[in-house]
Amino acid sequence: MKKVNNFIQRKSLIYKTNVEYGDYTINHIQGCSHGCKYPCYAYMMKKRFGKIKTYEDWIKPAIVENTLELLDMEIPKFKDKITTLHLCFTTDPFMYGYDEIKALSLAVIRKLNDAGIKCSILTKGLLPIELKEYSKDNEYGITLVSLNEDYRKRIEPGAAPYKQRLSSLRALHDAGFKTWVSIEPYPTPNIIEQNLDDILEAISFTDKIIFGRTNYSKEITAFKKHKEFYNEQAEIVIKFCRERNISFHIKDGTVKP
């Protein structure tokens, strides 16, 4: 198991997010050990505003050590406003191999559920099977942009292997929870040749699929037909979901005229 060596304090935790499919959110960890090599918006913003200096700083997660105390103060203020609280948009609640982060995230979800707040979870790590004992209103998701492990090792070197990620999601689906998959940021064929249908078939058991392009990347725009490519891939997702009665959301800016 990996160990967290950095701890920080914050003055607040729960906030309203501007993410298009989000409501309220928290980020009780700073940084992300998955070390994704594609342009990460969270990393870019933290670096831009001086929260971290380097990629090496970013991949060493720092726990917000007063997380539970802040929740005790903020839950009474926000609980009547929150439809769904998302974990997380600028970090990962279940970083692969970090038991301390897993334990804190489970404690956070338990505290929120005890206050009647529904949680939506998204990870590139493994969803703990302990979550099956939590509120049945919770929704659990993984990010999955490929099934190719060589690509995963190159582009998401610290994240969980794809098969394990899928298995952890399937276990919660089979336990009766609503599950979802974020296929974002999806790469163009000049980065990896793959068939989107294979990914869709692998996640066909899930209840919702979110699809989005890769942004902020010169490699993507170097692919001359990237607009047509993303329009075609979005149509594949929409057709697949409609045929199987799966909910879907195509991220803003993915489809262009």
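Helices and strands are DSSP runs, with at least four residues for a helix and at least two for a strand. On that basis, residues 26-201 of this predicted model are 38% helix and 15% strand, and the C-alpha atoms at the two ends of the stretch lie 32 Å apart. The unreviewed UniProt entry annotates residues 26-201 as "domain: Radical SAM core". The points below treat the nonpolar core, the sheet, two helices and one loop residue.

**The nonpolar core**

- In soluble globular proteins, nonpolar side chains tend to be buried together.
- The largest nonpolar core here has 71 residues, and L87 and I183 touch the most other members.
- Helix α9 (residues 226-244) gives the most to this core, contributing seven residues.
- Apart from its neighbours within four places in sequence, L87 is in contact with ten residues named here in full: I26, H28, P93, V108, I109, L112, C119, S120, I121 and L122.

**The sheet**

- Eight strands make up an open sheet with mixed pairing, in the order β2-β3-β6-β7-β8-β9-β10-β11.
- The edges are held by β2 (15-16) and β11; each has a single partner strand, so one side of each has no neighbour in the sheet.
- Strands β2 and β3 run antiparallel and are joined by two bridges; K16 has Y24 in β3 as its bridge partner.
- Strands β9 and β10, by contrast, pair in the parallel sense over five bridges, and W180 is bridged to K208 in β10.
- Because five of the six residues of β10 are buried, this strand is largely enclosed by the rest of the structure.

**Helix α3**

- Helix α3 (residues 67-78) has 12 residues, which should span 16 Å at 1.5 Å a residue; its end C-alpha atoms are 15 Å apart, which agrees.
- The buried residues of α3 are T67, L70, L71, E74, I75 and F78.
- These buried residues cover an arc of only 125° around the axis, which places them on the same side of α3.
- An α-helix has 3.6 residues a turn, so residues three or four places apart point the same way.
- The exposed residues M73 and P76 are carried on the face of α3 turned away from its buried side.
- Among the elements covering the buried residues of α3 are β3 (24-25), β5 (62-64) and α4 (99-114).

**Helix α9**

- Helix α9 has 19 residues and reaches 27 Å from its first C-alpha to its last, close to the 27 Å expected at 1.5 Å a residue.
- Its buried residues are H226, F229, Y230, Q233, A234, V237, I238, F240 and C241.
- Viewed down the axis of α9, the buried residues fall within an arc of 165°, so they line one face of the helix.
- The face of α9 turned away from the buried side carries the exposed residues E235, K239, R242 and E243.
- The cover over the buried residues of α9 includes the strands β9 (178-186), β10 (208-213) and β11 (247-250), together with the helices α7 (196-202) and α8 (218-222).
- Just after α9, N245 takes a positive phi of about 60°.

**A loop residue: I59**

- I59 lies in the loop between α2 (55-58) and β5.
- With a relative accessible area of 27%, I59 is partly exposed, because that class lies between the limits of 20% for buried and 50% for exposed.
- Leaving aside neighbours within four places in sequence, I59 is in contact with C32, S33 and G35.
- I59 and P185 are 126 residues apart along the chain, and their C-alpha atoms are separated by 19 Å.

How values were computed: Residues are numbered from 1 along each chain as its sequence is written. This is a predicted model: local features need pLDDT of at least 70, side-chain atom pairs count only at pLDDT 80 or more; totals for chains, interfaces and linings use all residues. Side-chain values use heavy atoms; hydrogens and water are left out. A nonpolar core is a set of buried Ala, Val, Leu, Ile, Met, Phe, Trp, Tyr and Cys residues joined through side-chain atoms within 4.5 Å. Buried means under 20% relative accessible area, exposed over 50%, partly exposed in between (1.4 Å probe, protein chains only). Contact means heavy atoms within 4.5 Å. UniProt positions are given in the numbering used here, feature names are shortened, and annotations may be inferred rather than shown by experiment. The expected span of a helix is 1.5 Å times one less than its number of residues. The arc is that of the directions from the helix axis to the C-beta atoms. Two strands pair if DSSP finds at least two bridges between them.
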